[in-house]
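Q: Hi! Could you walk me through this structure in plain words?

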Amino acid sequence: MNFWTHVSRIILKGRFIILVLIAAATYFLASQMQYMRFSYTEANLLPENHKINIEYNHFLDLFGEEGNLIIIATQDSTIFTPKKFNAWNSLSKKFDSFPEVDFTIAVGDIKKLKKNTEKQRFDVEPIYNKAPETVEDVLKIKHELFDNLPFFDNFLYNKKSGTIRTVIYLKKDIVNTAARKDFVFNTLNPIISQFEKENNIDIRVSGMPYIRTMNAQNIIDEIGLFVGLALGVTALIFFFFFRSIRATAITLLVVSIGVIWAFGFIGLFRYEITVLMALIPPLIIVIGVPNAIFLINKYQQEIKKHGNQAKSLQRVITKIGNATLMTNVTTASGFATFIFTKSQLLREFGTIASINILAIFILALLIIPIMYSFMPLPKEKHLKHLERKWIEYIVKWMESIVRNHRISVYAITLVLIIVSIIGVYKIRVSGSIIEDMPKGKQFFKDIVFFEEEFGGIMPLEIIIDTKKDKGVMKLSTLKRMNKLDETINEIPQLSKSISVLNLVKYSKQAFYGGNPKYYQLPTNQEKNWILSYTKNSSSNTNLLNNFVDSTGRYARITTFMKDIGTDKMEIIENRLNQKIAKEFPKDKYNVTMTGKALVFLKGTNYLINNLIISLSLAIILIALFMAFMFRSFRMILISLIPNILPLLITAGIMGYIGVPIKPSTILVFSIAFGISVDDTIHFLAKYRQELKENNWRIKQSVYNALRETGVSMFYTSIVLFFGFLVFTISSFGGTKALGGLVSITLLFAMVSNLLLLPSLLLSLEKNIANKKVFKEPTLDILIDEDEK
């Protein structure tokens with residue numbers, strides 16, 4: 001007895017037990033959904049033991065979490081009136097009272113250093129003692145701040161535009177936890193909204209904790225949207241093809257259970273929901289529907305042929321089971337190759353995706369025949385789609401192209417290859433934390449605002465190891481840091497830096513009576529006087545406590561980057577490294593650049609290299625499947641060409657229209673290749689069967705295979721095209737590009753498999769028509785027609 005015949009009997013005889021087991025598994029996985037967690041940090045694209053990560057973790061050990069600043073700002077000139085000015089400073093104090101906040105710094109909190117000659121120390125006093133009551137009072141404070149305190153320039157104000165801002169330092173231990181989300185949504189946003197309403201002032205909000213929180217919420221909102229749209233679109237297309245509410249309902253049942261399983265597995269594995277992981281549930285819908293198309297289409301074909309329901313259901317499982325299994329295995333393999341990368345983000349995505357692709361196959365194979373076994377035979381109107389004229393016309397057109405215009409097919413293919421290769425050379429690589437964020441959302445517009453006003457919001461950290469305790473405060477070290485600081489200030493993509501230099505320069509200004517022209521590094525002689533005053537001072541500003549470690553060995557320079565890609569970042573990095581090499585001898589200093597933004601940018605390049613390896617591995621793996629199924633080297637080559645061509649065309653399109661290679665778009669190739677090869681397997685499986693039935697006559701076998709599989713391939717490709725097109729409505733740039741590019745790739749793959757593949761078989765496969773060369777496969781993909 002054939003294996004699949006045995007499987008069909010188990011499924012149909014044990015249908016009640018199987019349904020109970022599916023229900024139990026669904027209940028269990030639904031219970032695991034409570035353990036799903038949403039990511040509260042940026043995706044780390046690098047492995048833990050990577051040099052960049054080691055340097056970043058060393059920085060965290062020295063100075064703690066860097067991304068704990070939430071910044072609010074306003075560019076409203078009416079803020080410099082007594083009522084609104086006092087309300088702004090009260091707002092800062094209000095935030096300061098919450099347990100999630102470490103401290104806040106606003107204009108009202110500014111304290112200036114004042115020289116105390118009698119006690120030879122610096123005292124700290126506020127820039128004003130009582131709340132201003134008149135406009136003149138406020139303008140006097142503004143003049144003091146903007147003209148006499150360069151220490152706070154680009155930190156609490158922008159002198160040119162008059163923008164002022166408040167900095168909220170969250171407690172570092174809550175930055176990467178759910179408490180951050182609660183603070184933003186339950187405390188920060190309501191208070192700011194109320195303030196805006198009461199004072200008629202527009203407030204801008206940003207900072208990495210805020211951006212990450214708002215972005216994560218957007219991901220959560222879009223998961224439900226994508227699942228709903230994917231179900232709706234695929235169901236609509238399915239009904240259009242089959243014109244059967246029954247068939248549509250069964251398909252929706254299968255994919256709905258598949259979605260529950262997808263969420264359940266994410267919870268079971270305790271993985272975080274990221275932008276990438278959020279794609280899996282709708283992805284399962286889009287991939288699951290083609291399984292239903294092949295199974296239901298075959299069932300209806302069998303019913304139309306002989307009208308015996310039991311025989312039809314058995315043949316659905318025995319004839320389609322193996323082919324569908326292989327297509328799902330190859331699709332799952334395309335995703336499973338991500339597991340072999342060193343990126344945790346991709347490993348998790350690959351694991352969940354591959355498991356659920358196999359799970360949706362099992363669900364379809366079990367549920368569809370079982371559900372039909374309880375139902376009456378399909379009516380004649382449900383079978384009319386099998387004889388639809390427009391589908392016959394499309395199939396005849398494809399057959400005519402393959403029969404009469406193969407030279408044109410090859411010529412067009414060659415032109416597409418050449419044009420695509422030119423396009424590939426135009427592709428740029430991009431890695432940015434905020435590039436894929438929803439540009440229509442207010443928090444993204446606020447990011448742009450802060451870039452224009454203050455030079456950026458993504459921290460770039462430079463760590464200077466003096467290799468000696470208290471080495472930071474040596475004047476020689478400070479002068480070297482100042483040279484590096486000058487270079488940072490010359491780079492338009494970076495903001496003015498913050499470091500111990502600011503405090504030292506401010507100390508000299510205070511030593512000379514607060515005259516802003518003395519805001520500079522002291523000379524050797526001045527240094528001794530100023531340091532003696534500093535040592536006698538009882539307090540220091542809270543602002544720069546974290547810019548020198550407790551031993552005085554390590555100094556930290558913080559600057560903020562604009563939204564730049566990897567290409568510009570490399571130029572900036574090289575420029576800074578040249579300055580570092582010039583100013584900091586390696587025998588005396590060890591200087592490293594780090595920060596979340598740099599880690600992400602470096603991770604992008606690393607990820608691209610890993611994904612190229614992953615795609616290569618997917619091609620090799622699927623080639624091995626082909627070898628296992630068909631046992632012919634020539635068949636492997638011929639089957640890969642129509643599937644690699646669409647990838648090349650898509651890469652060329654990306655180059656021409658300016659879509660960069662980044663973590664989201666690089667996934668297109670592995671996903672599309674894993675799915676598009678399914679059509680090849682179905683076609684070649686039928687082709688091999690036809691060869692045996694037609695006494696190894698190539699032409700007849702190719703045309704028969706095209707007629708037989710063309711309809712199902714067309715149906716599934718259309719479903720996949722529109723299913724992935726759903727992702728283009730996303731507010732995330734990466735998800736939008738992923739959906740559009742996969743749709744385009746699969747459309748090209750359909751045309752390639754229906755025109756180029758049979759053309760190649762007719763032109764190049766004459767030797768394969770020999771039984772000695774085209775050996776019996778290790779595994780039968782399709783069961784012969786006469787088998788029972």
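What follows is a chat about a few places in the structure.

A: Sure! This is a predicted model, where local features need pLDDT of at least 70, side-chain atom pairs count only at pLDDT 80 or more, and totals for chains, interfaces and linings use all residues. Residues are numbered from 1 along each chain as its sequence is written, and side-chain values use heavy atoms, with hydrogens and water left out.

Q: Cool. Is Thr650 buried or exposed?
A: Thr650 is buried, because its relative accessible area is 0%. Buried means under 20% relative accessible area, exposed means over 50%, and partly exposed is in between (1.4 Å probe, protein chains only).

Q: Where does Thr650 sit, and what is it in contact with?
A: Thr650 is in helix H20, residues 633-657. Helices (H or I, at least four residues) and strands (E, at least two) are DSSP runs, numbered from the N terminus. Leaving aside neighbours within four places in sequence, Thr650 is in contact with Val668, Phe669, Leu741 and Thr745. Contact means heavy atoms within 4.5 Å.

Q: And Arg575?
A: Arg575 lies in helix H18, residues 566-583. Arg575 counts as partly exposed because its relative accessible area is 36%. Beyond its neighbours within four places in sequence, Arg575 is in contact with Thr487, Glu490 and Ile491.

Q: New topic: how far apart are the end C-alpha atoms of helix H5?
A: They are 19 Å apart. The 14 residues of H5 (135-148) should span 20 Å at 1.5 Å a residue, so the two agree. The expected span is 1.5 Å times one less than the number of residues.

Q: Which residues of H5 are buried?
A: Val138, Ile141, Glu144, Leu145, Phe146 and Asn148 are. The buried residues of H5 pack against helices H4 (82-96) and H16 (500-511), and against strands S4 (111-116), S6 (157-158) and S7 (163-170).

Q: What about the largest nonpolar core?
A: That core has 143 residues, and Phe335, Ile368, Ile671, Phe683, Tyr687 and Phe724 touch the most other members. Its largest share, 17 residues, comes from helix H11 (residues 344-373). Another core, of 99 residues, lies apart from it and includes Phe80, Ile141, Tyr210 and Phe443. A nonpolar core is a set of buried Ala, Val, Leu, Ile, Met, Phe, Trp, Tyr and Cys residues joined through side-chain atoms within 4.5 Å.

Q: Last one: is Ile422 in a helix, and how accessible is it?
A: Ile422 is found in helix H13, and Ile422 counts as partly exposed because its relative accessibility is 45%.
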